[in-house]
Amino acid sequence: MKPIETDRLILRRFQAGDAADLFAYLHQPRAACFLSMRLADLDAAKAEAVKRAGSDDIIAVQSRADGRVIGEVFAHFEEPDTWSIGWSFNGDVAGRGYASEAAGALVDHLFADRGARRLYAYVEDDNLASQRLCERLGMRREGLFLDFISFENDDAGRPIYVNTWQYALLKRERQV
């Protein structure tokens, strides 16, 4: 993919050298939906960075100020013209608008350059920060899925199901 540049960020393909930064935010993911991506150690992060370097689905978000990868955005294509989007960021940069800047650039790119007609995102009902981000992007709530998915088990090994909102945005609803 060709890098996407904003005022403060560069959205680009992951590189093998991003392992330490990737580990910084995926050794203890902040959102339950990323628990399956948890990285146990730096070796696991190195392998994951190499794996991601071969794909355009998960995009590294690099700070222009210090060159550090501070998070990621993702876009998974679904025929014929729909994309599932999402994001995960290092807690150290929370509250600075980086997620909004990166996700907004991704949304614009998908509509303007990739032929997207519809975007959607799933957000757990307790993830208020991601819900607010969806709304800032102009996405609307389409529905709440009760006991939708499980990312972890309780002490007895039973799945803990979470309620999940679906947000969506049509190209005609966003000016690109």
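Visitor: Which two strands form a hairpin with 5 residues between them, and what is the phi of G67 in the turn?
Guide: The hairpin is made by β3 and β4, and G67, which sits in its turn, has a positive phi of about 80°. Please keep in mind that this is a predicted model.

Visitor: How many bridges join β3 to β4, and which way do the strands run?
Guide: Strand β3, covering residues 58-63, is joined to β4 by 5 bridges, and the two run antiparallel. As one example of the register, I58 has F74 in β4 as its bridge partner.

Visitor: And on the β5 side, what joins β4 to β5?
Guide: There are 8 bridges between β4 and β5, again in an antiparallel arrangement, and a hairpin through 3 residues connects the two strands. Within that pairing, G71 stands opposite F89 in β5.

Visitor: Why is β4 described as largely enclosed?
Guide: Of the 10 residues of β4, 7 are buried, so the strand is largely enclosed by the rest of the structure.

Visitor: What is the strand order in the whole sheet?
Guide: It is an open sheet of 8 strands with mixed pairing, in the order β1-β2-β3-β4-β5-β6-β8-β7. The edge strands, each pairing on one side only, are β1 (4-5) and β7 (140-153). Helix α4, residues 128-136, packs on this sheet and touches β5, β6, β7 and β8, while its direction makes about 160° with that of β6.

Visitor: How many bridges does β7 have with β8?
Guide: The antiparallel strands β7 and β8 are joined by 9 bridges, and R140 stands opposite A168 in β8.

Visitor: I was looking at Q166 in there; is it buried or exposed?
Guide: Q166, which lies in strand β8 (residues 159-170), has a relative accessible area of 12%, and because the cut-off for buried is under 20%, Q166 counts as buried. Beyond its neighbours within four places in sequence, the residues in contact with Q166 include R118, Y120, R140, E142 and F145.

Visitor: Which residues are linked with R118 and R140 in a network of salt bridges?
Guide: That network links R118, R140, E142 and E173. In the structure as a whole there are 14 salt bridges.

Visitor: Which one links distant parts of the chain?
Guide: One such pair is D81 and R117, whose side chains meet in a salt bridge at 3.1 Å, N to O. D81 is in the loop between β4 and β5, whereas R117 is in the loop between α3 (98-113) and β6, 36 residues apart. D81 is buried at a relative accessible area of 17%, but R117 counts as partly exposed at 41% relative accessibility.

Visitor: What does R158 pair with?
Guide: The side chain of R158 meets that of D154 in a salt bridge, with an N to O distance of 3.2 Å. R158 counts as exposed at 52% relative accessibility, while D154, with a relative accessible area of 25%, is partly exposed.

Visitor: What about D66 and R68?
Guide: Their side chains also form a salt bridge, at 3.6 Å from N to O, and R68 is partly exposed at 25% relative accessibility.

Visitor: Switching to helix α1, which of its residues are buried?
Guide: In α1, residues 19-26, the buried ones are A19, L22, Y25 and L26. Looking down the axis of α1, these buried residues fall within an arc of 140°, so they line one face of the helix. In general, an α-helix has 3.6 residues a turn, so residues three or four places apart point the same way.

Visitor: And what covers the buried residues of α1?
Guide: The cover includes helix α2 (42-53) together with strands β4 (69-78) and β5 (82-89).

Definitions and conventions: Residues numbered from 1 in each chain as written. Predicted model: local features only at pLDDT ≥ 70, side-chain atom pairs only at ≥ 80, totals over all residues. Heavy atoms only, no water. Helix = DSSP H or I, 4+ residues; strand = E, 2+ residues; numbered from the N terminus. Buried < 20%, exposed > 50% of the residue type's maximum accessible area, 1.4 Å probe, protein only. Contact = heavy atoms within 4.5 Å. Arc of directions from axis to C-beta. Pairing = 2+ DSSP bridges. Axes fitted to C-alpha atoms, helices over the stretch in contact; angles between N-to-C directions. Salt bridge = Lys/Arg side-chain N within 4 Å of Asp/Glu carboxyl O.
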